[in-house]
Amino acid sequence: MKKDIRNKKDIEKLVDTFFEKVKTDVVIGYLFNDVAQVNWDNLLPKMYDFWENILFHNGNYDGNPMYIHQELHRKSALKQQHFNHWLVLFTTTIDDLFSGTKAEEIKERAANIANALMIKTLT
Ligand code: HEM
């Protein structure tokens, strides 16, 4: 029986597992590794805070994802298929690890944010 997402430790597990897939992913991996040349030690804690803020309203996230993805798009075109694939990876990661109200909530929030980012970025 899988457990729900209960605390920051669970969020860290979710984010770490997701980005392990992203790093070697054939569809979106290059955007992180080559285009943005992400410093993972910096990005992962920001992602923990981002999702903690969304699920539990107590993270320290104060970044601007809209701007960051627009800058990324300026360097290398983001397409609808990138967003769709990001969402499939994220959703399957959650389903592999967790089950419950918060697990459902985070999938819904991710889909809504992906949609908003996509509309802003691609138009
Ligand atoms: C096409 C799909 C996506 C791609 C290729 C992508 C790629 C990236 C990359 C490369 C960065 C790091 C940028 C840098 O450090 O210079 C980043 C940061 C981030 N992404 Fe995405 N992303 C995607 C979708 C999403 C979605 C759907 C969400 C939220 C639901 C999201 C949330 C974030 C956040 C919170 C950050 C950290 C921003 C910060 O530094 O404050 N991303 N993304």
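Guide: Helices here are DSSP runs of at least four residues, numbered from the N terminus. With that naming, Asn-60 is placed in the loop between H3 and H4. Keep in mind that the model is predicted.

Visitor: Is Asn-60 buried or exposed?

Guide: The cut-off for exposed is over 50% relative accessible area. Asn-60 has a relative accessible area of 63%, so this residue counts as exposed.

Visitor: How far apart are Asn-60 and Pro-45 in space?

Guide: Separation in sequence and separation in space are two readings. Along the sequence, Asn-60 and Pro-45 are 15 residues apart, and their C-alpha atoms are 9.8 Å apart.

Visitor: How should I read a phi angle?

Guide: Start with the sign. Most residues other than glycine have a negative phi. Gln-37 is not a glycine, yet its phi is positive, near 45°. His-57 also has a positive phi, of about 60°, without being a glycine.

Visitor: Where are Gln-37 and His-57 placed?

Guide: Gln-37 is in the loop between H2 and H3, while His-57 is in the loop between H3 and H4. Gln-37 has a relative accessible area of 60% and is therefore exposed. His-57, at 63%, is exposed as well.

Visitor: Now the ligand. Which protein residue is a donor of its iron atom?

Guide: To read a metal site, look for the protein atoms that act as donors. In this model the only protein donor of the iron atom is His-69, through NE2, at 2.0 Å. His-69 belongs to helix H4, residues 65-75. A polar side-chain atom of His-69 is also 2.8 Å from a nitrogen atom of the ligand.

Visitor: Which other side chains have a polar atom by an oxygen atom of the ligand?

Guide: For Tyr-61, a polar side-chain atom is 2.7 Å from a ligand oxygen. For Lys-46, an N or O atom of the side chain is 3.5 Å from an oxygen atom of the ligand.

Visitor: How many residues are around the ligand, and which come nearest?

Guide: There are 20, and those that come nearest are Phe-32, Lys-46, Tyr-61, Ile-68 and His-69. Sorted by class, this shell has 16 nonpolar, three polar and one charged residues.

Visitor: Which helices supply the shell around the ligand?

Guide: Helices H2 (29-35), H3 (40-56), H4, H5 (80-97) and H6 (101-122) each supply at least two residues. H3 gives the most, with five.

Visitor: Where does the ligand sit?

Guide: The ligand sits in the largest pocket.

Key. Residues numbered from 1 in each chain as written. Predicted model: local features only at pLDDT ≥ 70, side-chain atom pairs only at ≥ 80, totals over all residues. Heavy atoms only, no water. Donors = N, O, S within 2.8 Å, 3.2 Å for Na, K, Ca; no water. Near = heavy atom within 4 Å. Polar contact = N/O pair within 3.5 Å; in protein donor to acceptor, adjacent residues only side chain to side chain. 1 Å grid on protein atoms, 1.4 Å probe; cavity = no way out; pocket = protein on both sides within 12 Å on 5 of 7 lines; lining within 4 Å. Sits in = over half its atoms within 2 Å of the grid points. Nonpolar A, V, L, I, M, F, W, Y, C, P; charged D, E, K, R; others polar. Buried < 20%, exposed > 50% of the residue type's maximum accessible area, 1.4 Å probe, protein only.
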